[in-house]
Amino acid sequence: MSRTSTSRGTGRRAVRRLVGGLVALVSAVAVGMSPAVATPADGGPGGGGGGGSWSVTDGSASDITASYAPAKGDPSIWPKPNEVRVNLSDAQSRQMVEDCPLYSLCVRNQEADGLWSAYALYYCLPAGQYYELTNFTGTVYAQNSQTVTARFLAQNDAELDRIGANSGKNISWNPVWKIDLC
């Protein structure tokens, strides 16, 4: 009799854990698909402080991300970066990274359809948490406009590369799984 009640209790706990995990997953997906934040004009966090390339110039759909729901195979970063621009030409994405806003790390990568995405990461995450990359490949220039070093990490959190404060360099994305911004 005690054996049955123990296995029922264990089964109930497993179901509760499963339901809790599913709720967390659905919540994370819902947050990741929330609308992008508009670029502040005052040059504040994510603002145009490092150049005008991150602000909308012609109002086209490619300049503003309506939501952060990349297509399958497209590069993405989680949690969502402060600034995300998709469907850019190679030249547009390169210019955006080179004009990285002050206090940001700017990276880019090619989308599955051959266009490009550019990202400006601004917010520090709590210790031991990192920006996680999906579908980043190749070797592409990144710019660190922060006053601290940004680190590029393997799946096991081992440091693979770094970009010092206020500098840029080519990063080989193939082994990189995570970015430690601060």
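Hi everyone, let's start with a strand pairing: strand 7 and strand 10, the latter covering residues 178-180, pair in the antiparallel sense over 3 bridges. Within that pairing, Arg 151 has Asp 180 of strand 10 as its bridge partner. Please keep in mind that this is a predicted model.

Strand 7 has another partner as well. Residues 150-153 make up strand 7, and they pair with strand 8, residues 159-163, over 4 bridges, again in the antiparallel sense. Here Leu 153 is bridged to Glu 159 in strand 8. What does the backbone do in the hairpin of strand 7 and strand 8? There are 5 residues between the strands, and Asp 157 takes a positive phi near 75 degrees.

Now for the open sheet. It has 5 strands in the order 2-4-3-6-9, with antiparallel pairing. Which are the edge strands? They are strand 2, at 83-88, and strand 9, at 167-172, each of which pairs on one side only. From one strand to the next, the twist averages 20 degrees.

Let's look at one edge. Strand 2 runs antiparallel to strand 4, residues 116-121, and 4 bridges join them. In this pair, Leu 88 stands opposite Trp 116 of strand 4.

Finally, which helix packs on the sheet? That's helix 2, residues 90-98, and the strands touched by helix 2 are strand 2, strand 3 at 105-110, strand 4 and strand 6 at 139-144. If you like angles, the direction of helix 2 makes about 165 degrees with that of strand 3.

That's my tour, so thanks for listening!

Methods
Residues numbered from 1 in each chain as written. Predicted model: local features only at pLDDT ≥ 70, side-chain atom pairs only at ≥ 80, totals over all residues. Heavy atoms only, no water. Pairing = 2+ DSSP bridges. Helix = DSSP H or I, 4+ residues; strand = E, 2+ residues; numbered from the N terminus. Axes fitted to C-alpha atoms, helices over the stretch in contact; angles between N-to-C directions. Contact = heavy atoms within 4.5 Å.
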